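Subject: Structure for you to look through

Dear colleague,

I am passing on the structure we talked about, and below it I have written out what was found, so that you can follow each point with the model open beside you. Please read slowly and find each residue as it is named.

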Amino acid sequence: MTHTSRPMGAADLLMALAVVVIWGLNFLAMKYGLRTFTPLQLGALRYLGACLPMVLLVRPPRIHWKWVVAYGLFVGLGQFGFLFLALKVGMATGLASVLMQTQVFFTATLSLVLLHERPGRALKIGMGLAALGLLCFAMDFVGPSGRGAGATTLAGFGLTLCAAAMWAVSNIVVRRAQAHTPDYDPLAFVVWSSLVPVLPFVALSAWLDPDASRWLHWAAVAEVPLLAWLSIAYLGWAATVVGYAMWTRLLKRHPANRVAPFSLGVPVVGLAAGMWVLGEVVTPWQWAGIACVVTALACVVLGPRFGMK
């Protein structure tokens with residue numbers, strides 16, 4: 001399928017920036033939720049909150065169910081299953097928001113191989129700057145002190161990269177779904193795909209979580225703090241329904257390797273939120289990485305408007 005090379009309009013640009021803010025604050029909600037729930041329980045509740053009561057209000061998408069199931073598994077069970085586990089076993093909030101942006105490289109590679117979407121000059125320069133930014137973040141782990149690692153473990157690092165890879169695959173699923181059914185409704189697609197990971201998360205929790213049975217008692221549910229329920233509401237409604245509906249709509253209108261780089265702004269929001277709300281320290285190397293990421297995003301967004309295709 002051939003896509004136009006025109007730059008994004010103002011409405012789509014504002015939509016992409018809104019997703020950046022929503023997903024950047026998403027990491028705070030995850031941290032708060034994981035103080036009460038296990039990663040598998042948080043995954044089940046996130047997607048249960050995303051699909052209820054929306055499945056009663058939104059008609060099923062007019063698209064083959066294989067795309068709905070595939071998207072639900074990759075972005076739900078895959079991306080957030082790995083990410084929640086990473087945050088639990090050892091991954092700082094700010095660094096997680098940065099490492100998740102490796103999905104840009106996964107998406108560009110998969111787009112080239114599977115969709116034959118070749119990156120333009122602006123995207124190539126932006127990806128190079130983003131790679132330099134990620135290298136700056138990684139420099140905090142070099143040397144005997146490894147001061148930037150903080151609470152981050154090797155397992156958390158690896159699981160976060162797995163989550164980024166799953167995100168990239170879900171981007172490709174959206175593009176393939178668009179090729180087969182161009183007029184499907186993105187909101188219905190996100191809402192009904194949110195049903196898919198709920199039962200797998202519940203089954204895995206019942207199998208692997210030692211305290212899973214306590215949720216069968218009302219007393220345990222009644223003791224859940226309000227902040228934990230608010231985190232579930234944010235994860236389910238803002239980050240999943242609103243965020244992914246807008247993201248999917250953008251992927252319908254533009255090539256995947258043009259939309260994906262907008263997520264490079266997410267770590268800027270994530271790091272700022274981690275610093276101001278959770279008291280996480282931003283090191284000089286991280287500031288250098290932030291500068292590179294912002295420059296990369298500006299290159300990708302503004303490059304086509306100045307004749308850089």
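If we set aside its neighbours within four places in sequence, Leu83 is in contact with Phe27, Met30, Ala96, Met100, Thr160 and Ala163. Please keep in mind, here and throughout, that this is a predicted model.

Leu83 also belongs to a wider group, the largest nonpolar core, which has 71 residues, and Leu83 is listed with Trp23, Met30, Phe189 and Trp247 as those with the most contacts inside it. The largest share of this core, 12 residues, is supplied by helix H12, which covers residues 226–253. There is also a second, separate core of 15 residues, and among its members are Leu123, Ile290, Val293 and Val300.

One of the partners of Leu83 deserves a closer look, namely Thr160, which is found in helix H8, residues 154–180. Is Thr160 buried or exposed? Its relative accessibility is 0%, and because buried means under 20%, Thr160 counts as buried. Apart from residues within four places in sequence, Thr160 is in contact with Leu83, Ala86, Met91, Ala96, Leu99 and Met100.

The helix that holds Thr160, H8, packs with helix H4, residues 65–90, and the axes of these two helices come within 8 Å and cross at roughly 165°. Angles over 145 degrees count as roughly antiparallel, and therefore H4 is roughly antiparallel to H8. The crossing of H4 and H8 is left-handed, and the residues of their contact divide into 21 nonpolar, 7 polar and 1 charged.

Helix H4 is also the place of Gly72, a residue that is buried, with a relative accessible area of 1%. Which residues does Gly72 contact, leaving aside its neighbours within four places in sequence? They are Leu77, Ser193, Val196 and Pro197. Gly72 and Pro197 are 125 residues apart along the chain, yet their C-alpha atoms are separated by 6.0 Å. Ser193, another residue on that list, is placed in helix H9, residues 186–193, and is likewise buried, with a relative accessible area of 2%. Beyond its neighbours within four places in sequence, Ser193 is in contact with Val68, Tyr71 and Gly72.

Tyr71 appears again when we turn to Thr248, which touches Tyr71, Val174, Tyr184, Pro186, Phe189 and Val190, not counting residues up to four places away in sequence. Thr248 is found in helix H12, the helix that gives the largest share of the 71-residue core, and at 0% relative accessibility Thr248 counts as buried. How far apart in space are Thr248 and Val190, C-alpha to C-alpha? The distance is 8.0 Å, although the two are 58 residues apart in sequence.

Two further helix pairs are worth finding in the model. Helix H2, residues 39–51, packs with helix H10, residues 198–208, at an angle of about 155°, and their axes are 8 Å apart. With the cut-off of 145 degrees that was used above, this makes H2 roughly antiparallel to H10, and H2 passes H10 in a left-handed crossing. On the side of H2 the residues that meet are Leu40, Gln41, Gly43, Ala44, Tyr47 and Leu48, while H10 brings Val198, Phe201, Val202, Leu204, Ser205 and Leu208. Sorted by class, this contact of H2 with H10 has 9 nonpolar, 3 polar and no charged residues.

In the loop between H2 and helix H3 (54–57) lies Pro53, and the peptide bond from Leu52 to Pro53 is cis, with omega near 0°.

The other pair is helix H6, residues 103–115, with helix H7, residues 121–138, which pack at an angle of about 145°, their axes being 11 Å apart. The crossing of H6 and H7 is left-handed. Val104, Phe105 and Ala108 in H6 meet Met127, Ala130, Ala131 and Leu134 in H7, and by class this contact has 7 nonpolar, no polar and no charged residues.

With good wishes,
A colleague

Note on methods. Residues numbered from 1 in each chain as written. Predicted model: local features only at pLDDT ≥ 70, side-chain atom pairs only at ≥ 80, totals over all residues. Heavy atoms only, no water. Core = buried A, V, L, I, M, F, W, Y, C linked by side-chain atoms within 4.5 Å. Buried < 20%, exposed > 50% of the residue type's maximum accessible area, 1.4 Å probe, protein only. Helix = DSSP H or I, 4+ residues; strand = E, 2+ residues; numbered from the N terminus. Contact = heavy atoms within 4.5 Å. Axes fitted to C-alpha atoms, helices over the stretch in contact; angles between N-to-C directions. Parallel < 35°, antiparallel > 145°, perpendicular 65-115°, else oblique. Left-handed = near helix turned anticlockwise from the far one by under 90°. Nonpolar A, V, L, I, M, F, W, Y, C, P; charged D, E, K, R; others polar.
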